[in-house]
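Please read the points below with the model open beside you. They deal with one sheet first and then with the nonpolar interior.

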Amino acid sequence: MKKVVKFGGSSLADGRQYQKVVDIIKSDSERKVVVVSAPGKRFDDDIKVTDLLIQYAQESQQTGSQTAQTEIIARYQAISDYFQLDAAIFAPILDTILALPDQKFIDPDYRLAYFKAHGEKLNAMLMAMVLQKLGLPARFIDPAQAGLIVSDNANSATVLPETYTNLAQLKYDEEEVLVFPGFFGITPNEQIATFARGGSDITGSIVARGLGISVYENFTDVSSIYVANPKIIDHPAPIAEMTYREMRELSYAGFSVFNDEAIIPAIEGEVTINVKNTNDPQAPGTMIVPEDGFQPQYPITGVTSSNHFSALYLHRYLLNQEVGLTLKLLQIFYKYGISYEHMPSGIDDLTIIFDNRQFNQTTIEQLCQEVQEVLHPDTLKWIDDYSIIMVVGEGMLRQSKAASEAISVLSQKGIPVNMINQGASQISTMIGTSRADADQAVIDIYHHFFKNRKEA
């Protein structure tokens, strides 16, 4: 049984990390499909290659400086030198870096996407070279040649259905190691376009589904997904196994180990995901599996928080009796190109919660003014001080008191709750707090449910 194995930027930051990746690939003959990110940070104050490529795009167009170009070449050259690749073998990577500014682009967005995508593309080329040097039959797979087709959105693309048909027809030798670059695909107009974020995770899921591979190992710099953020909780319990939808819910509100959008191709292809640690590859990691047949051991699988939310609060008597009120609101949001996250309501009150990363101050002011003019609320407030706590677990379906316990814990600790929303799937409860209380809320809920648990 073949496996898709993806390595993140920290796993590929330099030659030493590269060697760990090579050892992982060689240690399991089923690891025949490799997806790579661009080289990440080698130390805390280092610069990711993707950021250097963005700098290169700017410098080559504005100042003519070669600072970023020189540094990018040095990063790939250092890995090549670690494995003692001949200059002639490395030459295509050098030539590609030098030629990046010479391409023609339909607009600035596609120019930026083209530069950014080459962090992964060059690293996949280099990984194939290294594996070949070490005696493994490896081949670089260009997304254009493989038919990884994405939507016509330069820096926020989504995969198109024909990708899966194309990948299913990919010809390869059973003994080959195929090396795919993550993060990008090709539009129907043959332009490079990148995924919005976590792009290499997304590519790994797409490739696994497209090639009909049921196991996707995602190597990162942590040994498990934990029930809470280790930056908030010291040594939180690891999660041995969780479902797709638990991962989606937790990723939405702060879990950053695995991209929430990357789950979707895996769900569609019924691909089991195993999150593992490049620096401790023998650790079992966390399995992300389908819901069917899953038996939760505990009511709660994880708790997390996120501060990138704001809310619009409206109050007016008999608000609930106005026909078409929601339609009017949605038309205003559509006008400004704004999506909302949640809309909890009462008889006379309505709160609309937004991802505040889509706003600037001007948009906020214009939006509030138009809502006031159209709906005439007695009270209208924009609330910036807003955090969302997500309490998630398949076990909540069986133990309904888990949600009330979480809320009770916060009440006992004196943490004000300004919104409670039960997910339709009944495996999650969303709790709104102030930003100042968010970390303490996570700590208190964690200690109530997980303090004496070694594993979730």
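**Notes on the sheet and the cores**

1. Isoleucine 388 has glycine 432 of strand 17 as its bridge partner. Strand 15 (residues 379-392) and strand 17 (residues 428-433) run antiparallel and are joined by 6 bridges, where strands are DSSP runs of E of at least two residues, numbered from the N terminus, and two strands pair if DSSP finds at least two bridges between them.

2. This is a predicted model, in which local features need pLDDT of at least 70 and side-chain atom pairs count only at pLDDT 80 or more, while totals for chains, interfaces and linings use all residues. Residues are numbered from 1 along each chain as its sequence is written, and side-chain values use heavy atoms, with hydrogens and water left out.

3. The open sheet has 5 strands in the order 14-13-15-17-16, with antiparallel pairing. Its edge strands, strand 14 and strand 16 (419-422), each pair on one side only.

4. Strand 14 (residues 349-355) pairs with strand 13 (residues 302-315) in the antiparallel sense over 7 bridges, and aspartate 349 in strand 14 is the bridge partner of histidine 315. Of the 7 residues of strand 14, 6 are buried (under 20% relative accessible area, with a 1.4 Å probe and protein chains only).

5. The largest nonpolar core (buried Ala, Val, Leu, Ile, Met, Phe, Trp, Tyr and Cys residues joined through side-chain atoms within 4.5 Å) has 74 residues, of which Phe180, Ile288, Val303 and Ile445 touch the most other members. Helix 14 (residues 435-450) gives the most to this core, with 8 residues. Apart from it lies another core of 46 residues, including Val21 and Met129.

Definitions and conventions
Buried means under 20% relative accessible area, exposed over 50%, partly exposed in between (1.4 Å probe, protein chains only). Helices (H or I, at least four residues) and strands (E, at least two) are DSSP runs, numbered from the N terminus.
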